[in-house]
Amino acid sequence: MTRTLGSGQALCAFRALGEPEGFKLEGMNPERREAQVGDVLSVVMPGLPEAGSTRVEVWGSGRLRPDGTSVELTEPGVVQVEVWVAAPGRFFGTEWRPWIVPGPVRVLPRGPGI
């Protein structure tokens, strides 16, 4: 477990909202948890029975693309990508709640190109 935490591959999942098995964040160096400006991260979601019951939230150096599951890295810094789920509300209806929260990804400047 210590190795997983140190590698940045750990995540926090609220299992009462669903199992996180199958979740992946692709498009980065997984050992260093880094990517470059201009790269696109893809969020692989675990299956849930209802369509529209999950959404991806992005904070920091990225923006969610219109497809709702890919994140374009826009500037150097750090980006946090999370999966939220529509969960039962306190009294009635539903509320959006964080479900899967992986560690942040460091966004590096794009190196000199060809």
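1. A87 lies in strand β8. This is a predicted model. In it, A87 has a relative accessible area of 3%. The cut-off for burial is under 20%, so A87 counts as buried. Leaving out residues up to four places away in sequence, A87 touches L17, G93, T94, E95 and R97. A16 is 71 residues away along the chain, yet the C-alpha atoms of A87 and A16 are separated by 9.6 Å.

2. What links β8 to β9? The two strands pair in the antiparallel sense over six bridges. They form a hairpin, with five residues between them. G93 sits in the turn and has a positive phi of about 65 degrees. G93 is also one of the residues that A87 touches. P88 has T94 as its bridge partner in β9. T94 is likewise on the contact list of A87.

3. β9 also pairs with β1. Strand β1 covers residues 11–13. Three bridges join β1 to β9, and the two run antiparallel. Within this pairing, L11 stands opposite P102.

4. Q80 is a second position in β8 worth checking. Is Q80 buried or exposed? Its relative accessibility is 16%, so Q80 counts as buried. A polar atom of the Q80 side chain lies 2.8 Å from the backbone oxygen of P102. P102 is the β9 residue opposite L11. Beyond its neighbours within four places in sequence, Q80 is in contact with E57, V58, W59, V101, P102, G103 and P104.

5. Next, the open sheet. Four strands form it, in the order β2-β4-β7-β6, with antiparallel pairing. The edge strands are β2 (24–26) and β6 (62–64), and each pairs on one side only. On average, neighbouring strands of this sheet are turned by 25 degrees against each other, direction ignored. Strands of a sheet pair through backbone hydrogen bonds.

6. One pairing in that sheet in detail. β2 and β4 (residues 40–44) are antiparallel and share three bridges. L25 has V43 as its bridge partner in β4. L25 also appears among the residues that L41 touches.

7. Which residues have the most contacts inside the largest nonpolar core? They are L41, V79 and V81. This core has 19 residues. Two or more residues come from each of β4, β5 (54–60), β7 (70–73), β8 (77–88), β9 (94–102) and β10 (105–108). β8 gives the largest share, four residues. In soluble globular proteins, nonpolar side chains tend to be buried together.

8. L41 deserves its own entry. Not counting residues up to four places away in sequence, L41 touches L25, E26, G27, M28, A35, T69, S70, V71, L73, V79, V81 and V105. V79 and V81 on that list are, with L41, the residues with the most contacts inside the core.

9. Overall layout. The chain has one helix and ten strands. From the N terminus on, the elements run α-β-β-β-β-β-β-β-β-β-β. Of its 114 residues, 32% count as buried. Take contacts between residues at least 6 apart in sequence: 54% join residues at least 24 apart. The contacts of L41 include V105, and those of Q80 include E57.

10. Surface. The chain exposes about 7100 Å². Carbon and sulfur atoms supply 55% of that area.

Technical notes
Residues are numbered from 1 along each chain as its sequence is written. This is a predicted model: local features need pLDDT of at least 70, side-chain atom pairs count only at pLDDT 80 or more; totals for chains, interfaces and linings use all residues. Side-chain values use heavy atoms; hydrogens and water are left out. Two strands pair if DSSP finds at least two bridges between them. Axes are lines fitted to C-alpha atoms, for helices over the stretch in contact, and angles run from 0 to 180 degrees between N-to-C directions. A nonpolar core is a set of buried Ala, Val, Leu, Ile, Met, Phe, Trp, Tyr and Cys residues joined through side-chain atoms within 4.5 Å. Buried means under 20% relative accessible area, exposed over 50%, partly exposed in between (1.4 Å probe, protein chains only). Contact means heavy atoms within 4.5 Å. A polar contact is a pair of N or O atoms within 3.5 Å; within protein, one must be able to donate a hydrogen and the other to accept it, and residues adjacent in sequence count only if both atoms are side-chain atoms. Accessible areas come from the Shrake-Rupley method with a 1.4 Å probe; for residues, only the protein chains shown count as cover.
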